Amino acid sequence: MEEEEHGGFCDCKNFNLGQTEDNINHTVELAKVRALNSVRNHDFSKLFRIEEDKYKFEPDFACCSFPQDPELVVIVSFKEAVRLRAIDLIFRKPDVASSVSVFVNQENFAFKDTQQTPTEAFELNHFTQRGEVEIYPDLNKMGNVSTIAIYFRGLRDQIALQYIGFKGFGTKNKKLIFKGNFELISTDEDTQQRLQHRMDMLNF
């Protein structure tokens, strides 16, 4: 019986992605990373380290939610569209974080958007002694990711995140850039009100 060959388009969720070449943190646009409900601004290069350095961090470093408010959103843009195979996470106190929801390709993501149905959601149950856990998204939903918002929820205290490692492959696909003499219509309430006002003026 032939051994199954794993590769960039393999759909085996249990395939070990520990190889250094699978880490695609170099595709993260650090200048565009945002953390919502975070205690302070961060040097995000410390959060998105390369694979070899994921256990090398300053003891006091962490991207933290406010005390007694265990909710944190980290929003990431990639330099190119990527295919995500896994997300590796390290927490200072792993017993605090209980779940993670991810929202893919939603521009201008705000904290209120966490109430929407996520692209995927995960319960966090199996941590290593280092506070590490790895989640495996559905590849059918993560095949062409330009932006991702990661929503962390906890049980108590505050969430203290020390590492995010994206594993997968660059697709070499460029992000969509719309050009032309047209207006992009969003679904937010403010835009709808402006459109209604414009229609009322036309019908006056």
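Begin by selecting F48, I148, F152, L161, I164 and F166, which touch the most other members of the 35-residue largest nonpolar core; such a core is a set of buried Ala, Val, Leu, Ile, Met, Phe, Trp, Tyr and Cys residues joined through side-chain atoms within 4.5 Å, where buried means under 20% relative accessible area, exposed over 50% and partly exposed in between, with a 1.4 Å probe and protein chains only. The model is a predicted one, in which local features need pLDDT of at least 70 and side-chain atom pairs count only at pLDDT 80 or more, while totals for chains, interfaces and linings use all residues. Residues are numbered from 1 along each chain as its sequence is written, and side-chain values use heavy atoms, with hydrogens and water left out.

Next, colour strand 3 (71-91), strand 4 (97-104), strand 6 (132-135), strand 7 and strand 8 (160-170), the elements that give two or more residues to this largest core; strands here are DSSP runs of E with at least two residues, and helices are runs of H or I with at least four, numbered from the N terminus. Strand 3 supplies the largest share of this core, 9 residues.

Now centre on I148, which, leaving aside neighbours within four places in sequence, is in contact (heavy atoms within 4.5 Å) with V74, I75, V76, F78, L84, I87, V102, F103, V104 and F166. Apart from the largest core lies another, of 7 residues, among them V73, F103, F109 and Y151.

Stay with Y151, which sits in strand 7 (residues 145-154) and counts as buried because its relative accessibility is 5%. Its C-alpha atom is separated by 4.4 Å from that of V73, although the two residues are 78 apart along the chain. Not counting residues up to four places away in sequence, Y151 touches E71, L72, V73, S99, V100, S101, F103, F111 and T114.

Then turn to the loops. N37, in the loop between strand 1 (34-36) and strand 2 (63-64), has a positive phi near 65° without being a glycine, and is partly exposed at 23% relative accessible area. N108, in the loop between strand 4 and strand 5 (120-123), also has a positive phi, of about 55°, and with 69% relative accessible area is exposed.

Finish at the cysteines: a search of the whole structure finds 0 disulfides, a disulfide being a pair of cysteine sulfur atoms within 2.5 Å. For C63, the nearest cysteine sulfur is that of C64, 6.9 Å away. Both are buried, C63 with a relative accessible area of 1% and C64 with 7%.
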